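Here are a few friendly notes to read alongside the model. Please keep the structure open as you go through the points.

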Amino acid sequence: MSRRIIIDPVTRIEGHAKISIFLDDSGSVADAWFHVAEYRGFEKFCEGRPLAEMAGITARVCGICPVSHLLASVKAADRILAVSIPPAAVKLRRLLNLAQIVQSHALSFFHLSAPDLLLGFDSEPTKRNIFGLASSDPETARGGIRLRQFGQEIIEALGGQKIHPAWVAPGGVRGPLSAERRTYLQGRLPEAISTVQRALGLMKQLLDRYPEETQSFGNFPTLFLGLVGPEGVWEHYDGFLRITDSTGNIVADGLDPARYQDFLGEAVETWSYLKSPYYKPLGYPDGIYRVGPLARLNICSRLDTPLADRELSEYRQRVGGAATSSFYYHYARLIEILTSLERIGRLLDDPDVLSLRYRARAGINQLEGVGCSEAPRGTLFHHYLVNEDGLIQKVNLLIATGQNNLAMNRTVAQIAKHWIRGPDIPEGVLNRIEAGIRAFDPCLSCSTHALGRMPLVIEVRDSRGTLLGTRRRDATS
Amino acid sequence: MAVRTLTINEKLVSAPEGATILQAARENGIDIPTLCQLDGLSTVGACRLCLVEVGPSGRLQAACVTQVAEEMVVRTETPKLREYRKMIIELLLTERNHVCAVCVANHHCELQDLAVKLGVDHVRFEYLHPHLAVDVSHELFGIDHNRCVLCTRCVRICDEIEGVHTWDVSGRGTNARIISDLNQPWGESPTCTSCGKCVQACPTGAIFRQGSTVAEMEKDRQRLRFLLTAREKREWLV
């Protein structure tokens, strides 16, 4: 008889979700769905608010990556003010985004995924967390926590607070970095770089330890999308969109993010609050694409920082050119931390970050604006329409996790098909299914702009949809 | 000038005839919370936060509009008063949409400060969540009715200090709204001189400078004191 397996809640992710796995009459996996069960309605309640408030409001979409929303929001607002912001403001915003990438990636790797990777997918579930990691490998746990702290300290040094800093403003930023803080941050940089280099060493050993996971965790061809700078250099704040295929060929390049609706569609499924964006020329669901660290390393020509570029060459040798397995998200994430730290070092050495010319003032000069930046999880779009006075008329937020939705679903199905053998499903297999989702570092509160607890559930159903079993764990496991 | 002697919180104090209980208390270092009152403007007793207990029966009187009297006995801090003041703040919070975290006046707001000071850690009443507009038609300033507490400081400062009376109040009860001139968009007001006094007088984020982002709208109430001193005493104290 066919069955449906439910994993509810999915743990160690940012948001609230569950997974349904459908078994056919022979007990093999027929299909699997990744449901996001949250709804928040930011796009609706922002209507009528003044443009200048949008950054502060949309930052509340997420407590992990408020900076990403702040930046996409003020970039959309810059368009509406029709200003070119001061060079110092660009550098300060870049510094902020790099700090955000460091802290969020560190959280994803060290706090959320390292317990699986370093302690083992089949290890004791009660110890498979950051505390278990801290007792078995204190150096890695401590380094990871301090690395995340470093990212947060930069955000605080710039914005006055670690979470929801209301420091980025339409037209620029609200203040420079102080010389004292800059010196402090420069002093913290070498430790952060050595932490990530050590983690990269561990990561390479893990690839040898987990060949089966590498092959089965979301390993399939898709398109990859992200921002690139001049000459295709890795980019996180500005530039144009590039789309490549699974062999690394450029499918589209130089795409203006402001025209995202021309080439990106958003499909809606009845079983999830998370929309499923796709690349329009290929249609739905063939236009499946991935964003985030994996995509950004696939689409870029180089990282443009020496240590990270060396790592990138090795990465490309190991993954065979373009990476198609979502397992490599972890590896890509660490390389992105490294390049971000190197770039932070460069920016801290730049006298412009202390400049007092940091904000352009202007009124409402255009009625529509799109802001696009790279959030840690992938490309983020904020699209606003305002009236003549600058009051918001319409909002569309296209979130990184949403863009990975189709790929996350395929990943869940692939892992389930590969690992589930018959009706008795070991805990370690359920954990692998969750880990497949964790590789994307999804942020579900962001992707649905929704409110919720963190957890995920796995459900097993038969072919008639009858619920046969449920696995549920709380958010701390 | 005749002097009146009264007791505030068991302390014997004196105040000139015609002074209010609020003035007498402040002269003697006794703090009474206020919201609609602003030095230099007429008093209206609108917010009721300055309620005090007067006389043996503890009659409730607004300190800002009640004049001192000989042998008056006033209590400014009793459990009943604390409870009422807290309730007033809670009711103000429920009546409109006060979302501090994303408000332009976050950290610079008298309503927020009072809520903290009076220990309003939650609100017992249902929120009304009215659908209220934001008027940003003025070139320099905006008014967000969601954050307005109807203290009428803007109305009084515009009328009494600037002398143009652009602002007024329309409607009654929960339908009351601050309006500019004959209820037209602020940007179309034929009387507004764009002096910005109402921006400084407003205790919350209801009236703000255009383009203010979250927590950016700091109010400089010293400017009003400076203006008054300059006008009344011909002294320009900066």
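1. A quick word on pairing before we begin: two strands pair if DSSP finds at least two bridges between them. Please also bear in mind that this is a predicted model.

2. With that in hand, have a look at strand S3 of chain B, residues 51-54. S3(B) and S4(B) pair in the antiparallel sense, over 4 bridges. If you would like a spot to start from, find Val54(B), which stands opposite Arg59(B) in S4(B).

3. Which sheet does this pair belong to? In chain B there is an open sheet of 5 strands, in the order S2-S1-S5-S3-S4, and its pairing is mixed. At the edges stand S2 (11-16) and S4 (59-62) of chain B; each has a single partner strand, so one side of each is left without a neighbour in the sheet. From one strand to the next, the twist averages 40 degrees.

4. Stepping back to the whole of chain B, you will count 6 helices and 10 strands. The C-alpha trace spans about 55 × 50 × 30 Å along its principal axes. For 238 residues, a compact globule would have a radius of gyration near 18 Å, and the 19 Å of chain B agrees with that.

5. How much of chain B is buried? Of its 238 residues, 40% count as buried. As for contacts in chain B with a separation of 6 or more, 62% of them come from residues 24 or more positions apart.

6. Now to the place where the two chains meet. Chain B gives 14 residues to the contact, and chain A gives 16 residues. On the chain B side, the residues that touch chain A divide into 8 nonpolar, 5 polar and 1 charged.

7. Over in chain A, strand S1 (residues 4-8) deserves a look: 5 of its 5 residues are buried, so this strand is largely enclosed by the rest of the structure. In a regular strand, side chains alternate between the two faces of the sheet. What covers which side here? Both faces of S1(A) are covered, with Arg4(A), Ile6(A) and Asp8(A) buried on one side and Ile5(A) and Ile7(A) buried on the other.

8. Finally, the partner of that strand. S1(A) pairs with strand S2 of chain A, residues 17-23, in the antiparallel sense over 4 bridges. To find the match-up on screen, pick Ile6(A): the residue opposite is Ser20(A) in S2(A).

Technical notes:
Residues are numbered from 1 along each chain as its sequence is written. Chains are lettered from A and ligands numbered from 1 in the order in which they are written. This is a predicted model: local features need pLDDT of at least 70, side-chain atom pairs count only at pLDDT 80 or more; totals for chains, interfaces and linings use all residues. Helices (H or I, at least four residues) and strands (E, at least two) are DSSP runs, numbered from the N terminus. The radius of gyration is taken over C-alpha atoms; the globule rule is 2.2 Å times the number of residues to the power 0.38. A residue is buried if 20 or more other C-beta atoms lie within 10 Å of its own, exposed if 12 or fewer, and partly exposed in between; C-beta atoms are placed from the backbone. Two residues are in contact if their C-beta atoms, placed from the backbone, lie within 7 Å. Ala, Val, Leu, Ile, Met, Phe, Trp, Tyr, Cys and Pro count as nonpolar, Asp, Glu, Lys and Arg as charged, and the others, Gly among them, as polar. Axes are lines fitted to C-alpha atoms, for helices over the stretch in contact, and angles run from 0 to 180 degrees between N-to-C directions.
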